[in-house]
Amino acid sequence: MKITPFSSYILMAGLFACLACVIIAAGCTDAQPEMIVEASNVTITDTDAASETIWYTMTVTVTNTGTASATDVIIGITLQTPDASQMSRMAHESVEFGTIAPDTTWTETVTIVLEAGPVGYADLAIGGENPVVTTKTEQMEYLSLPF
């Protein structure tokens with residue numbers, strides 16, 4: 001194969017194109033969502049002394065501080081009687097938030113029913129103690145594109 005001036009220009013253009021792709025690809029990062037989950041305004045909305053049951057309402061806030069959208073987001077909230085209780089009881093609720101774009105905050109009001117038992121009911125409903133509240137991301141999907 002004979003190299004002509006035209007074919008050398010084509011060869012040089014191809015090399016520059018490859019070099020440009022390598023430089024662009026080096027700057028790409030794997031975008032991911034980062035979720036911050038908080039529960040606030042935990043309040044008793046109803047009680048039943050006969051069944052030692054307490055209804056709590058709270059605000060659950062989820063913020064995506066990452067660089068990619070999170071899809072199929074499910075947040076878990078667990079209420080537990082105070083650690084001092086001898087017979088600890090807990091209640092769990094999973095809440096679907098759907099898709100959360102980057103730099104977006106979603107807020108939901110959640111009601112959880114806690115069957116506290118005799119000691120927990122006395123501590124929470126009568127004694128005014130607060131339940132132990134934990135939150136976590138139970139499920140989250142995302143798609144990361146290299147551009």
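Which residues of helix H2 (residues 117-126) are buried? In this predicted model, the buried residues of H2 are Gly 117, Gly 120, Tyr 121, Asp 123 and Leu 124. Strand E1 (35-48), E2 and strand E5 (104-115) are included in what covers them. The report below starts from the whole chain and returns to this helix.

**Overall content**

The protein chain holds two helices and six strands. Read from the N terminus, its elements follow the pattern α-β-β-β-β-β-α-β. Of the 147 residues in the protein chain, 28% are buried. The accessible surface of the chain comes to about 9300 Å², and carbon and sulfur atoms account for 58% of that surface. Contacts in the chain can also be sorted by sequence separation: among those between residues at least 6 apart, 69% join residues at least 24 apart.

**The two sheets**

Strands of a sheet pair through backbone hydrogen bonds, in either a parallel or an antiparallel sense.

One open sheet has three strands in the order E1-E2-E5, and the pairing is antiparallel. E1 and E5 stand at its edges; each has a single partner strand, so one side of each is left without a neighbour in the sheet. On average, and with direction ignored, neighbouring strands of this sheet are turned by 20 degrees against each other. Between E1 and E2 the antiparallel pairing extends over 11 bridges. Val 37 stands opposite Val 62 in E2.

Another open sheet of three strands has the order E4-E3-E6, with antiparallel pairing. Here the edges are taken by strand E4 (90-100) and strand E6 (132-141), each with a single partner strand, so one side of each lacks a neighbour in the sheet. The twist from one strand to the next averages 20 degrees. Strand E3 (residues 70-80) pairs with E6 in the antiparallel sense over eight bridges. The bridge partner of Gln 80 in E6 is Val 132.

**The nonpolar core**

In soluble globular proteins, nonpolar side chains tend to be buried together. The largest nonpolar core of this model has 22 residues, and those with the most contacts inside it are Met 58, Val 60, Val 62 and Phe 97. At least two residues of this core come from each of E1, E2, E3, E4, E5 and H2. Not counting residues up to four places away in sequence, Phe 97 touches Val 60, Val 62, Val 73, Ile 75, Trp 106 and Glu 108.

**Thr 53 and the two ends of the accessibility scale**

Thr 53 lies in strand E2 (residues 53-64). Is Thr 53 buried or exposed? Its relative accessibility is 6%, and because buried means under 20%, Thr 53 counts as buried. The side chain of Thr 53 is joined to that of Ser 51 by a polar contact of 2.8 Å. Leaving aside neighbours within four places in sequence, Thr 53 is in contact with Asp 46, Thr 47, Asp 48, Val 113, Leu 114, Glu 115 and Tyr 121. Tyr 121 is also one of the buried residues of H2.

Three residues on the exposed side are set out in the table.

| Residue | Place | Relative accessibility |
|---|---|---|
| Asn 41 | strand E1 | 55%, exposed |
| Asp 103 | loop between E4 and E5 | 69%, exposed |
| Ile 126 | helix H2 | 67%, exposed |

Ile 126 belongs to helix H2 and counts as exposed at 67% relative accessibility, whereas Leu 124 is listed among the buried residues of H2. The C-alpha atoms of Ile 126 and Ala 49 are separated by 9.8 Å, with their positions 77 residues apart along the chain.

**Backbone with positive phi**

Which phi does Asn 41 have, although it is not a glycine? Asn 41 has a positive phi of about 50 degrees, and its place is in strand E1. Asp 103 is likewise not a glycine and has a positive phi of about 60 degrees; this residue is found in the loop between E4 and E5. Just after H2, Gly 128 takes a positive phi of about 80 degrees.

Technical notes. Residues are numbered from 1 along each chain as its sequence is written. This is a predicted model: local features need pLDDT of at least 70, side-chain atom pairs count only at pLDDT 80 or more; totals for chains, interfaces and linings use all residues. Side-chain values use heavy atoms; hydrogens and water are left out. Two strands pair if DSSP finds at least two bridges between them. Helices (H or I, at least four residues) and strands (E, at least two) are DSSP runs, numbered from the N terminus. Axes are lines fitted to C-alpha atoms, for helices over the stretch in contact, and angles run from 0 to 180 degrees between N-to-C directions. Buried means under 20% relative accessible area, exposed over 50%, partly exposed in between (1.4 Å probe, protein chains only). A polar contact is a pair of N or O atoms within 3.5 Å; within protein, one must be able to donate a hydrogen and the other to accept it, and residues adjacent in sequence count only if both atoms are side-chain atoms. Contact means heavy atoms within 4.5 Å. Accessible areas come from the Shrake-Rupley method with a 1.4 Å probe; for residues, only the protein chains shown count as cover. A nonpolar core is a set of buried Ala, Val, Leu, Ile, Met, Phe, Trp, Tyr and Cys residues joined through side-chain atoms within 4.5 Å.
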